[in-house]
Amino acid sequence: MGLGGCIAQAQFKTRAVAIMALFFSLTTPVGIAIGMGISTRYDEDSSTALIVQGLLNSASAGILIYMALVDLLAADFMNPKLQNNGMLQLGASVSLLLGAGLMSLMAVWA
């Protein structure tokens, strides 16, 4: 839904939209085919597999952190209502840090 909305708002030409939709719709089946192809040779306990898994997990976490900070929080913190009120700004910052700290604490049990 999000990608489709972005493509619609960008007002690309029909050919570009068709190519994007084609590549987007093929990524999952191609990924499944690759997974099925390597499943017989994949040893999940090998050091290479653990390194690759760690790298992919860290890249995913980095993307999520970037999206949260740049796309979601930046819009809230750049709001003129928040910019002009020091106490509201302090409360939002403390809430952000408290929420991040509590999520980190919950990661201990995950």
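# Exercises on a predicted three-domain model

The domain assignment of the protein chain lists domain 1 (1-41), domain 2 (44-78) and domain 3 (82-109), and the model to which it applies is a predicted one.

**Exercise 1.** State how far apart the centres of domain 1 and domain 3 are, and find where the confidence of the model is lowest and highest.

*Solution.* Begin with the domains: taken over C-alpha atoms, the centres of domain 1 and domain 3 are separated by 36 Å. Next, take the chain as a whole, which has an average pLDDT of 87, with 98% of the residues scoring at least 70. Finally, turn to the helices, where the lowest confidence belongs to helix α1 (residues 2-10), with a mean of 75, and the highest to helix α5 (residues 86-106), with 91.

**Exercise 2.** Identify the residues covered by the UniProt annotation "transmembrane region", and describe the chain over residues 17-38 and over residues 50-75.

*Solution.* According to the unreviewed UniProt entry, the annotation covers residues 17-38, 50-75 and 87-109. Over residues 17-38 the chain is 100% helix and 0% strand, with 32 Å between the end C-alpha atoms. Residues 50-75 are likewise 100% helix and 0% strand, and here the end C-alpha atoms lie 37 Å apart.

**Exercise 3.** Name the residues that make the nonpolar surface patch of about 560 Å², and decide whether Leu-26 and Ile-38 are buried, partly exposed or exposed.

*Solution.* The patch is made by Leu-22, Leu-26, Val-30, Ile-34, Ile-38 and Tyr-42. To classify a residue, recall that buried means under 20% relative accessible area and exposed means over 50%, with partly exposed in between. Leu-26, which is found in helix α2, has a relative accessibility of 41% and therefore counts as partly exposed. Ile-38 has its place in helix α2 (residues 14-38), and because its relative accessible area is 47%, Ile-38 is partly exposed too.

**Exercise 4.** Give the separation of Leu-26 and Ser-47 in sequence and in space.

*Solution.* Counting along the sequence, Leu-26 and Ser-47 are 21 residues apart, while in space the distance from C-alpha to C-alpha is 30 Å.

**Exercise 5.** Locate Gln-11, describe its phi angle, and decide whether Gln-11 is buried or exposed.

*Solution.* Gln-11 is found in the loop between α1 and α2. Although Gln-11 is not a glycine, its phi is positive, at about 55°. The last step uses the relative accessible area of Gln-11, which is 68%, so this residue is exposed.

Notes: Residues are numbered from 1 along each chain as its sequence is written. This is a predicted model: local features need pLDDT of at least 70, side-chain atom pairs count only at pLDDT 80 or more; totals for chains, interfaces and linings use all residues. Side-chain values use heavy atoms; hydrogens and water are left out. Patches are made of residues with over 30% relative accessible area and no salt bridge: like charges are joined within 9 Å, nonpolar side chains (Val, Leu, Ile, Met, Phe, Trp, Tyr) within 5 Å. Accessible areas come from the Shrake-Rupley method with a 1.4 Å probe; for residues, only the protein chains shown count as cover. A salt bridge is a side-chain nitrogen of Lys or Arg within 4 Å of a carboxyl oxygen of Asp or Glu. Helices (H or I, at least four residues) and strands (E, at least two) are DSSP runs, numbered from the N terminus. Buried means under 20% relative accessible area, exposed over 50%, partly exposed in between (1.4 Å probe, protein chains only). Domain bounds come from an automatic or database domain assignment. UniProt positions are given in the numbering used here, feature names are shortened, and annotations may be inferred rather than shown by experiment. pLDDT is the predictor's confidence in each residue, from 0 to 100.
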